[in-house]
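Thank you all for coming this morning. Please bring the sequence and the structure up in front of you, and then we can go through them together.

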Amino acid sequence: MSLHRIRDILEADYGCEECPPDGPHAVLVLEDDKRIEVSEKWIAEQEIEEGKRVWIGGDGDVRKAIHVVAAVILAEMPRAEKMTYDEEMSCAGEMTYAEDVPCAEGMADADISMNTDDLRGTKIFATQRGYGDFKDGWEFPGGKVEPDETPEQAIVREIREELDTEIRVERYIDTIEYDYPEFHLSMDCFLCSVLSGELTLKEHEAARWLTVEELDAVEWLPADRTIIGKLCKLLRDGV
């Protein structure tokens with residue numbers, strides 16, 4: 001089972017009398033030079049184009065692949081800020097951590113780096129989808145990766161567009177590979193922190209901050225649910 005990017009789409013080499021029963025075929029040329037013959041009807045239905053991806057299953061089944069990113073946004077306040085040693089010592093007994101707000105007033109533009117080595121007790125941000133086939137399901141916000149983007153660039157752009165918020169990508173968590181009935185989803189998941197903004201819902205119908213004990217309190221979309229176990233370990237054990 002593997003994910004492949006389409007480099008070229010060619011006409012299949014056969015005469016009219018050899019035309020398959022499902023209509024004319026075409027050949028997908030993948031980046032590793034592997035070639036797969038599929039029907040032109042399937043290409044049109046799945047909106048397959050050069051530069052997009054396909055998933056080849058263990059049985060040779062070919063599916064349209066959608067590459068997306070998801071942000072696991074942390075509610076915990078950033079723990080490390082660039083300051084002098086004396087400043088660190090003077091602030092050591094005064095730092096507090098916000099549970100119900102993404103970042104403290106005045107911290108939005110600070111040059112900060114969150115300590116993601118210990119996440120015990122941290123809340124994470126979940127959103128309820130407000131449109132499409134998966135309306136009302138809960139997910140980690142994000143969206144599709146454009147051809148000219150890295151996954152990290154894509155998640156920053158998507159959160160800006162969906163939630164009117166600037167985030168920092170703290171670290172990569174995992175890539176989820178999940179087969180929906182009509183397509184294969186490849187989802188890169190990242191731990192993120194808020195730099196500025198109020199996480200305004202522009203496309204989603206609801207949102208919640210969830211502790212580890214509350215992760216099962218919402219109906220997750222199938223692909224998103226597969227990473228819950230890893231998140232529970234992060235939030236319970238801090239690793």
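How much area does the chain expose, and what share of it do carbon and sulfur atoms supply? The chain exposes about 12,900 Å², and carbon and sulfur atoms supply 46% of that area, where accessible areas come from the Shrake-Rupley method with a 1.4 Å probe, and for residues only the protein chains shown count as cover.

Before going further, a word on the ground rules. This is a predicted model, in which local features need pLDDT of at least 70 and side-chain atom pairs count only at pLDDT 80 or more, while totals for chains, interfaces and linings use all residues. Residues are numbered from 1 along each chain as its sequence is written, and side-chain values use heavy atoms, with hydrogens and water left out.

The confidence score, pLDDT, runs from 0 to 100 for each residue; its mean over the chain is 79, and 75% of the residues reach 70 or more. Over residues 77–114, however, pLDDT stays under 50. Where pLDDT is low, the predicted coordinates should not be read in detail.

Now to the layout. The chain has five helices and 13 strands, which are DSSP runs numbered from the N terminus (helices H or I, at least four residues; strands E, at least two). Of the 239 residues, 46% are buried, meaning under 20% relative accessible area with a 1.4 Å probe and protein chains only, whereas exposed is over 50% and partly exposed lies in between.

Let us look at the strands. Strands β2 (residues 25–30) and β3 (residues 35–39) run antiparallel and are joined by five bridges, with Val27 having Glu37 in β3 as its bridge partner. The two form a hairpin with four residues between them, and in the turn Asp33 has a positive phi of about 75 degrees. Two strands count as paired if DSSP finds at least two bridges between them.

Elsewhere, three strands make an open sheet in the order β9-β8-β13, with antiparallel pairing. Because β9 (138–139) and β13 (206–210) stand at the edges with a single partner strand each, one side of each is left without a neighbour in the sheet. Between β8 (residues 124–128) and β13 there are five bridges, and Ile124 stands opposite Leu210 in β13.

Which residues of helix α5 (residues 228–237) are buried? They are Ile228, Leu231, Cys232, Leu234 and Leu235. Seen down the axis of α5, they fall within an arc of 165 degrees, so they line one face of the helix; the arc is taken from the directions from the helix axis to the C-beta atoms. These buried residues pack against β5 (62–73), β8, β11 (166–179) and α4 (222–225).

That takes us to the interior. The largest nonpolar core has 30 residues, and those with the most contacts inside it are Phe140, Leu215, Trp220 and Leu231. Such a core is a set of buried Ala, Val, Leu, Ile, Met, Phe, Trp, Tyr and Cys residues joined through side-chain atoms within 4.5 Å. Its largest share, five residues, comes from α5. Apart from this core lies another, of 17 residues, among them Val69, Val145, Ile167 and Phe190.

Finally, consider Val68, which sits in strand β5 and counts as buried because its relative accessibility is 10%. Although Val68 and Lys144 are 76 residues apart along the chain, their C-alpha atoms are separated by 4.2 Å.

Methods: Contact means heavy atoms within 4.5 Å. pLDDT is the predictor's confidence in each residue, from 0 to 100.
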